[in-house]
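Let's take a friendly walk through this structure together, pausing at a few places where the backbone or the packing invites a second look.

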Amino acid sequence: MMAYTLRRLLQMIPLLFGISIVLFAVIQAAPGGPEGALLESGRFIDPAVIDAYRERLGVDRPIHIQYFRWLTAAVSGDLGTSFSTTRPVAEMIAERLPATLGLMGSAFVLAAVVSILLGVVSALRQYSWFDHLGTGLSFVGIAMPVFWLALILQLVFGVWLGWLPIAGTETVGDSSLGDRLAHLVLPTVVLSFNYIAGWSRYLRSSMLGVLRADYVRTARAKGLPERRVVGVHALRNALIPLLSIMALNLSSLFSGAVITETVFAWPGIGRMFVQGMFARDYPLLMGILMLGSLMVIIFNLVADLLYGYLDPRIRYD
Amino acid sequence: MNKNKNTFACLSSLAAASLLAGCGPADDRVTADAGRRILRVAYEREIDVLNAYTSQNLVDIQFSMVEGLVTTNDQNTYIPVLAKRIPTEANGLIVHNDDGSIEMTWELQDNVRWHDGELFTSEDVCFTWRFVSSPGSQTYNRDQYLGIQDCLMPDEHTVVFRWNGVYGYYASIFEAILPEHVLGGMTTEEIVNYTPYNRGDEMVGTGPFRFAEWKSGEYIRVTRNDSYWRGTNLPAVDEIVWSFIPDNNTRLNAMKTGRYHFARIEPTQVAEAEGIEGFEVHRVSSNSFMHLDLSLNTERSRFLFGDPAARRAMFHGIDRTSIAEQLMEGTVKLANSPINPSSPYHNPDIAQPEYDPDRARRMLDDLDWLVGSDGVRSKDGRRFSFVMLNRAGQSDRIALAQVIQAQLKAIGIEVSFETLESAAWTSRWRNGDWEAMVSAWFLSADPSITGQYLCNGPNNMTGMCDPELDELLLGSDRALDFETRKRYLDLAQVRLAETSAMLPIYYNVIPEVVSQRISNYRGSGTNFGSFWNLYEWALEP
């Protein structure tokens with residue numbers, strides 16, 4: 001497995017190189033340019049200022065020269081300087097990453113715990129009222145737009161009940177752990193909602209298949225307690241396909257955080273990406289997208305490794 | 001099972017570790033709320049940099065820390081801040097030289113210190129001029145500083161600008177002064193990129209508040225300047241926190257939670273916000289006016305809109321009153337000129353075309369724009385049909401465009417839409433590759449509209465050109481006294497309406513939700529915003 005892992009890690013290098021070319025071209029192909037930020041406010045602008053601005057940023061050069069400059073800097077660890085904030089992109093990403101990882105991590109844990117509980121109980125009590133309720137809620141969860149759910153939860157828990165804060169990661173002046181956790185609740189629930197819906201349905205169907213398998217019948221015939229039959233023999237096997245999906249979904253959690261972070265004013269990477277997109281902040285966009293690409297590749301690798309770890313039938317050459 | 005347990009333990013640990021990364025020890029600069037008068041603002045965006053000249057956003061946060069020679073008040077008028085008074089010919093501080101140049105003397109406040117204790121002097125003013133006027137300063141109105149040929153310093157608290165001619169907007173510049181003792185000795189590019197100033201670590205101003213903290217993506221915090229030059233009793237607030245809440249709905253919900261004292265919202269949210277207990281909604285008339293622009297830059301648009309009579313006929317087909325009353329729910333005022341009614345330069349006696357679709361039809365018939373079998377007018381075999389360029393996400397402008405589309409259809413004019421994302425829209429707009437659009441300019445308190453409506457004005461995007469209007473606009477820019485300038489601008493506003501260069505629709509409003517605990521709030525719709533007098537805001541218990 002070690003050789004396989006090393007080979008996959010080495011394959012990442014040309015893959016990331018190819019991705020960087022595509023991303024750079026796509027970003028530059030979008031109409032407009034960073035000078036749009038100067039005009040956004042609707043103020044009168046001296047046209048000479050716009051030309052000087054483009055020249056200073058280097059966006060008046062041919063695209064291949066811009067890419068080469070970016071690439072040579074990037075391989076030495078310099079992701080460039082943000083057009084809008086004049087700060088190093090790597091520094092900006094490092095500053096925002098903990099907030100995004102914190103949100104992703106908590107959403108992942110919540111989604112995993114709840115979906116496993118829902119999936120197992122629904123399978124064990126197939127066609128019961130609980131199963132029907134779970135099915136209905138799953139469809140709602142999958143169909144409901146994230147921003148809409150976010151606004152509903154804000155209204156109910158933030159405005160009407162006044163239990164939870166609805167924006168940011170902390171109350172300035174009260175940076176206690178309790179305050180931070182309170183700020184985390186609503187974005188976590190919103191970000192995990194879709195995944196709970198999908199994963200619980202997936203596990204339910206997986207469990208239903210496993211519960212009818214011969215080895216489960218054998219386990220029951222041996223007189224093992226039902227808890228052990230379900231928990232050890234059935235759930236372990238039913239979880240195998242779900243875990244690989246979870247690992248793959250980690251990367252989509254990263255991209256899914258864009259809307260959640262914007263609505264909840266969460267200072268993460270996703271919101272910074274939206275700002276960078278409107279400002280045509282090419283270095284910032286490249287930095288974030290390359291990080292996202294790297295995460296997708298790594299999570300894919302994790303999924304593959306996890307699959308082999310959990311399923312003894314899979315061997316890596 | 002053990003393996004699964006381990007897997008989950010790992011994932012949970014990862015999540016917990018990530019969570020704890022965001023739950024580290026509190027920054028020791030974060031102050032306790034107890035007993036402090038902390039003004040909390042739900043702010044609509046995160047700004048880019050703190051340098052008021054290189055920021056590409058509106059810089060109202062910066063003006064809590066930085067001051068200029070002048071600012072604008074709620075009367076849309078420039079008032080002195082770091083200058084003792086604004087020079088005029090009447091007060092003898094403007095002198096005309098024989099060679100046509102002008103010497104303008106600014107007397108500076110003499111008891112002002114920067115936040116780090118350094119004395120504010122004329123050297124800072126001249127340094128600011130050198131920076132802003134240098135190529136690459138990235139200042140949006142850099143061209144307005146280029147008329148200054150020299151900056152003289154007769155003493156520590158007097159500055160004399162030598163201008164190469166007469167520029168009516170002279171009192172509208174130097175809205176911020178940069179600290180020479182911090183930024184001096186650097187090149188222009190170094191100043192533009194100087195992170196310690198841009199992000200706050202070395203950011204010093206003379207304003208009522210000092211920079212304290214900028215938490216990326218979340219908030220900017222400033223604290224009271226105990227040595228403020230206006231008096232030790234000012235400012236009346238200990239601390240201000242601007243929390244960045246970009247989503248309009250979240251911002252309104254945030255105000256409803258009662259955790260914030262101030263926010264700007266959308267006009268369509270006014271009715272909902274008016275029900276929030278303990279708050280008032282102020283509809284601040286903005287120096288921004290919504291209007292319909294018609295371009296003469298393409299062959300087809302010249303054919304359609306080249307005749308002022310055709311433009312005027314079109315304008316008679318647009319019901320501006322119903323737009324203001326119904327679409328905007330009565331939150332806005334009809335516009336008749338680019339210059340806001342709150343400005344002393346506004347001319348109230350200008351009539352824009354009344355909504356009269358029958359008259360519009362007759363006028364178009366008279367111009368040989370005849371209705372065809374498909375209900376669309378045509379002339380010389382070409383249909384009266386054009387594309388309106390919309391900017392995605394600007395829901396108010398798109399809704400307005402849709403109303404105009406429907407109203408023009410009723411008089412036989414076909415309008416289709418092309419909607420582009422912001423940066424793409426801007427690119428097309430500046431390239432002149434468009435036919436019509438709903439647009440808005442954000443003007444400063446200075447009433448000059450020359451750049452926009454002069455035939456070769458740098459911001460004339462429509463290609464409209466009228467020599468008579470040019471004379472009036474240039475005359476207004478050459479006038480230094482109020483009466484002369486107003487006379488020119490009154491006539492210019494009339495001429496602008498006569499030529500039907502564009503159709504003003506309504507003056508934008510900026511609804512501001514303000515806690516009843518705040519006193520001395522005086523909303524301003526200029527590009528300085530309502531924070532122009534933060535030094536006297538108070539927060540009642």
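Helices and strands here are DSSP runs numbered from the N terminus, a helix having at least four residues and a strand at least two. Keep in mind throughout that this is a predicted model.

With that numbering in hand, we can place Pro235(B): this residue sits in the loop between strand 9 (219-224) and strand 10 (239-244) of chain B. The peptide bond leading into it from Leu234(B) is cis, and its omega is near -5 degrees.

Chain A has a loop to visit as well. Between helix 11 (269-279) and helix 12 (282-310) of chain A lies Arg280(A). Its phi is near 50 degrees, a positive value in a residue other than glycine.

Staying with chain A, look along helix 8 (residues 177-211). A straight helix of 35 residues would span 51 Å at 1.5 Å a residue, yet helix 8 of chain A covers only 42 Å between its end C-alpha atoms. Where is the kink in this helix centred? Ser192(A) is the place, and the kink in helix 8 of chain A amounts to about 40 degrees.

Now for helix packing in chain B. Two packed helices are described by the angle between their axes and the distance between the axes. For helix 9 (residues 308-316) and helix 11 (residues 357-366) of chain B, the axes come within 7 Å and cross at roughly 155 degrees. Because angles over 145 degrees count as roughly antiparallel, helix 9 of chain B is roughly antiparallel to helix 11 of chain B. The crossing of these two helices is left-handed. From helix 9 of chain B, Ala309(B), Arg312(B), Ala313(B) and His316(B) take part, meeting Pro357(B), Arg359(B), Ala360(B), Met363(B) and Leu364(B) of helix 11 of chain B. By class, the residues of this contact are six nonpolar, one polar and two charged.

A second pair in chain B is helix 10 (residues 320-327) with helix 12 (residues 395-409), packed at an angle of about 140 degrees with their axes 11 Å apart. That angle makes helix 10 of chain B oblique to helix 12 of chain B. Is their crossing left-handed or right-handed? It is right-handed. Helix 10 of chain B brings Ser322(B), Ile323(B) and Leu327(B) to the contact, while helix 12 of chain B offers Ala399(B), Leu400(B), Val403(B), Ile404(B) and Gln407(B). This contact of helix 10 with helix 12 of chain B has six nonpolar and two polar residues, and no charged ones.

How values were computed. Residues numbered from 1 in each chain as written. Chains lettered and ligands numbered in written order. Predicted model: local features only at pLDDT ≥ 70, side-chain atom pairs only at ≥ 80, totals over all residues. Heavy atoms only, no water. Axes fitted to C-alpha atoms, helices over the stretch in contact; angles between N-to-C directions. Parallel < 35°, antiparallel > 145°, perpendicular 65-115°, else oblique. Left-handed = near helix turned anticlockwise from the far one by under 90°. Contact = heavy atoms within 4.5 Å. Nonpolar A, V, L, I, M, F, W, Y, C, P; charged D, E, K, R; others polar. Expected span 1.5 Å × (residues − 1). Bend = angle between axes of the 7 residues up to and from the residue.
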